[in-house]
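Here is a short briefing to read alongside the model. Keep the viewer open as you go, and take the topics in any order you like.

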Amino acid sequence: MKTLPQPSPAGALAAPALTFRAYTIKELGCLYFPQKSPIGASRSLRSLIAHDPLLLSELRAQGYRPRAHYLPPVAVQVLLEHLGTPTEFYEILRQA
């Protein structure tokens, strides 16, 4: 399995490296929003996707549906390109 690079800046929340596989929305939500409950994290991720037209259109081109439970590996890659790694994303949220 291919592991995607995951930088660890000092003081950042340690998130596991993403492997190239399908993920559930809940899994990804928990990685991108670790401070929230699994349900809250998945809602936050879905909301983030719904309110970003460019991200939504690129995910739909990879087969994403708003009520989908899983994201295929190519859709996860699109998410990584737009949001960065969960660690990078969490650092940006923490600083805001």
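A charge counts as sitting over a ring if NZ of Lys or CZ of Arg is within 6 Å of the ring centre and within 35 degrees of the ring normal. By that rule, the charged end of Arg21 sits over the ring of Tyr23, at 4.0 Å from the ring's centre. Please bear in mind that this is a predicted model.

**Overall layout**

- The protein has 5 helices and 2 strands, and from the N terminus on its elements run β-α-α-α-β-α-α.
- Of its 96 residues, 39% count as buried.
- About 5700 Å² of the protein is exposed, and carbon and sulfur atoms supply 59% of that area.
- Taking contacts between residues at least 6 apart in sequence, 51% join residues at least 24 apart.

**The nonpolar core**

- In soluble globular proteins, nonpolar side chains tend to be buried together.
- Here, the largest nonpolar core has 22 residues.
- Leu28, Tyr32, Leu45, Ile49, Leu59, Leu71 and Leu79 are the residues with the most contacts inside this core.
- Helices H1, H2, H3 and H4 each supply at least two residues of the core, and H4 gives the most to it, with 6 residues.
- Leu79 is a handy residue to centre your view on: leaving aside neighbours within four places in sequence, it is in contact with Leu28, Tyr32, Leu45, Ile49, Leu55, Leu59, Leu71 and Gly84.

**Helix H1 and its cover**

- Helix H1 spans residues 25–32, and its buried residues are Ile25, Leu28, Gly29, Leu31 and Tyr32.
- Seen down the axis of H1, these buried residues fall within an arc of 160 degrees, so they line one face of the helix.
- Strand S1 (23–24), helix H2 (38–50), strand S2 (70–71), helix H4 (73–83) and helix H5 (86–95) are included in what covers the buried residues of H1.

**Helix H5 and the aromatic cluster**

- In H5, the residues Pro86, Thr87, Phe89, Tyr90 and Glu91 are buried, and their cover includes H1, H2 and H4.
- How many aromatic pairs does the structure hold? There are 2.
- Tyr32 and Phe89 form an edge-to-face pair, 5.4 Å centre to centre, with 80 degrees between the planes.
- Tyr32 lies in helix H1 and Phe89 in helix H5, so this pair ties together parts that are 57 residues apart in sequence.
- Phe33 and Phe89 also form an edge-to-face pair, with 5.4 Å centre to centre and 80 degrees between the planes.
- Phe33 lies in the loop between H1 and H2, whereas Phe89 lies in helix H5, so the pair ties together parts that are 56 residues apart in sequence.
- Tyr32, Phe33 and Phe89 form one aromatic cluster; Tyr32 and Phe89 are both buried, and Phe33 is buried too.

**Helix H3 and Glu58**

- Leu55, Leu56 and Leu59 are buried in H3.
- These three residues cover an arc of only 100 degrees around the axis, which puts them on the same side of H3.
- An α-helix has 3.6 residues a turn, so residues three or four places apart point the same way.
- The cover over the buried residues of H3 includes H2 and H4.
- On the face of H3 turned away from its buried side are the exposed residues Pro53, Leu54 and Ala61.
- H3 is followed by Gly63, which has a positive phi, near 100 degrees.
- Is Glu58, which lies in helix H3 (residues 53–61), buried or exposed? Glu58 is partly exposed, because its relative accessible area is 29% and that value falls between the 20% and 50% cut-offs.
- Not counting neighbours within four places in sequence, Glu58 is in contact with Val78 and His82.
- Glu58 and Leu79 are 21 residues apart in sequence, and their C-alpha atoms are 9.0 Å apart in space.

**Pro38 in helix H2**

- Pro38 lies in helix H2 and is partly exposed, with a relative accessible area of 40%.
- Setting aside residues up to four places away in sequence, Pro38 touches Lys26 and Cys30.
- Pro38 and Glu27 are 11 residues apart along the chain, with 7.8 Å between their C-alpha atoms.

Key: Residues are numbered from 1 along each chain as its sequence is written. This is a predicted model: local features need pLDDT of at least 70, side-chain atom pairs count only at pLDDT 80 or more; totals for chains, interfaces and linings use all residues. Side-chain values use heavy atoms; hydrogens and water are left out. Buried means under 20% relative accessible area, exposed over 50%, partly exposed in between (1.4 Å probe, protein chains only). Contact means heavy atoms within 4.5 Å. Helices (H or I, at least four residues) and strands (E, at least two) are DSSP runs, numbered from the N terminus. Accessible areas come from the Shrake-Rupley method with a 1.4 Å probe; for residues, only the protein chains shown count as cover. The arc is that of the directions from the helix axis to the C-beta atoms. Rings of Phe, Tyr and Trp (its six-membered ring) pair if their centres lie within 6.5 Å; planes under 30 degrees apart count as stacked, over 60 as edge-to-face and the rest as tilted. A nonpolar core is a set of buried Ala, Val, Leu, Ile, Met, Phe, Trp, Tyr and Cys residues joined through side-chain atoms within 4.5 Å.
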